[in-house]
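Trainee: I should like to work through this structure with you, one feature at a time. May we begin with the terms we shall need?

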Amino acid sequence: MAPTEVTILPSRVESLASSETKAIPPKELAIFAPSSRVESLANNEIKAIPPKQVAIFAPSYRVESLASSGIQAIPEEYIRPEEERKSIFDVFEEEKKYDSGPQIPVIDLKGIDSEDKIVREKCMEELKKAAMEWGVMHIINHGISDDLINRLKAAGKAFFDLPIEEKEVYANDTASGKISGYGSKLANNASGQLEWEDYFFHLIFPEDKRDMSDWPKTPSDYIEVTSEYARRLRGLVTKVLTILSLGLGVEEGRLEKEVGGMEELLMQLKINYYPKCPQPELALGVEAHTDISALTFILHNMVPGLQVFYGGNWVTAKCVPDSIILHIGDTLEILSNGKYKSILHRGLVNKEKVRISWAVFCEPPKEKIVLKPLPVLVTDTEPALFTPRTFAQHIQQKLFKNGTQEAVLISKEV
Ligand SMILES: [Fe+2]
């Protein structure tokens, strides 16, 4: 093989085969495909890594494999455009740097069940204010036990600690519409841009809408603890929607009803796994986006990564012990006619620590509900900022804007 040749290895899925040449890495990089769904790939070329000038490129591979292969330079598809790179810095330094700057608010929910009306109202007011000013907050004293959260995290981590081959049993196939399961972003947009993460995605509530064949069988307590977390979190969802309804001056059950209620509101779990990245200043774990959901709840393993775009700057979220991060998503921004903000956010990676986060997206049903600003919030002086749309139409609109189907279909989180 001549030193400058490029070999395109067989793809795991047919649809990927066409994604090939856009993302050929620079010739000095050797790119591996250590993990494969296709036998031919698995039996192939790792043994025959060519001289380092020759790039071998498999259009789909796990970021975990790439990270553990020992590469010093990341493939071109993971390198952000130059303009974007100007704002990407070391996340540990960034986390310290903003000590004196604006910080994502911390909301203590302890007061919400107080018998003292003043305490209760103060708590509600603080959450409402955070939703209006930031659209994101750390919630402490949220009522879900540390023990359950620790078990949930241990179960998710145990799944990702499995060999890749065992995780591949649960692989998704976004090209054929199977979006639940183990996956990595595919280069299906014009730029071939990829993100430094693998993930596991599946529906966790309502229980009658779950497909248990999607759920990991290992570790053995995954189903039990994840189901329990889903039930507890569903209670918190109602609590938050109640506060946000009252904050808009409408009846307390209004937003809950507007997003589908106990029967129709879907809760989708996405466990994000961000391996160590040899060049974190060049990549993103998740590119900048707003969530399409009504609400998103995030846990993480206390490794920083989340940044939100506030006041014209990227603000790095601190790791607040025993907190759950709560995002307002596009759905509530629409219903509240822009009063509650769906903030732009992204995820950084680092070279020292694996980051794992557990995001639960609370989404209205795709077709059954038309989302539009609540009529009481639309006046002559405050006209509707959003046209009516179903959740599916909203997804389509974003898809059109962003040009990446997967980015929208599998709601992203950090
Ligand atoms: Fe997100």
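Mentor: Two strands pair if DSSP finds at least two bridges between them. Please keep in mind that this is a predicted model.

Trainee: How many bridges join β8 to strand β13?

Mentor: Strand β13 covers residues 345-347, and β8 and β13 run antiparallel. One of the bridges places V286 opposite G347 of β13. Pairing requires at least two bridges, and the number that joins β8 to β13 is two.

Trainee: Which are the edge strands of the open sheet of four strands?

Mentor: The order of this open sheet is β8-β13-β10-β11, with antiparallel pairing. Neighbouring strands in the sheet are turned by 25 degrees against each other on average, direction ignored. An edge strand pairs on one side only, and this holds for β8 (286-289) and β11 (313-316).

Trainee: How far apart are the end C-alpha atoms of helix α9?

Mentor: Helix α9 has 26 residues, 222-247, and at 1.5 Å a residue it should span 38 Å. The expected span is 1.5 Å times one less than the number of residues. The model agrees with this expectation, because the end C-alpha atoms of α9 are 37 Å apart.

Trainee: Which element gives the largest share of the largest nonpolar core?

Mentor: That core has 86 residues, and L244, L295 and L326 are those with the most contacts inside it. The largest share, nine residues, comes from α9. The buried residues of this helix include V225, L233, V237, V240 and L244. In soluble globular proteins, nonpolar side chains tend to be buried together; here the element with the largest share is α9.

Trainee: Which residue of α9 does L326 touch?

Mentor: Not counting residues up to four places away in sequence, L326 touches V136, M137, I139, V240, L295 and F297. Among the buried residues of α9 are Y229, L236 and V240. The residue found in both lists is V240.

Trainee: Is E126 buried, partly exposed or exposed?

Mentor: E126 is found in helix α6, residues 117-133. Its C-alpha atom is separated by 6.8 Å from that of I107, 19 residues apart along the chain. A residue is buried at 20 or more other C-beta atoms within 10 Å and exposed at 12 or fewer. E126 has 18 such atoms, so it is partly exposed.

Trainee: N141 and M302 each have a positive phi; which of them is exposed?

Mentor: N141, in the loop between β4 (136-140) and α7 (146-160), has a phi of about 50 degrees although it is not a glycine. M302, in the loop between β9 (295-300) and β10 (306-310), has a phi of about 65 degrees and is not a glycine either. With 15 other C-beta atoms within 10 Å, N141 is partly exposed. The count for M302 is 12, and the cut-off for an exposed residue is 12 or fewer, so the exposed residue is M302.

Trainee: Where do P206 and P219 lie, given that the peptide bonds from F205 to P206 and from T218 to P219 are cis?

Mentor: Omega is near 0 degrees for the bond from F205 to P206, and likewise near 0 degrees for the bond from T218 to P219. Strand β6 covers 198-205, and P206 has its place in the loop that follows between β6 and α9. P219 also lies in the loop between β6 and α9.

Trainee: Which residue with a positive phi follows α9?

Mentor: Helix α9 ends at residue 247. The residue that follows has a phi near 80 degrees, and it is G249.

Key
Residues are numbered from 1 along each chain as its sequence is written. This is a predicted model: local features need pLDDT of at least 70, side-chain atom pairs count only at pLDDT 80 or more; totals for chains, interfaces and linings use all residues. A nonpolar core is a set of buried Ala, Val, Leu, Ile, Met, Phe, Trp, Tyr and Cys residues joined through C-beta atoms within 7 Å. Two residues are in contact if their C-beta atoms, placed from the backbone, lie within 7 Å. Axes are lines fitted to C-alpha atoms, for helices over the stretch in contact, and angles run from 0 to 180 degrees between N-to-C directions.
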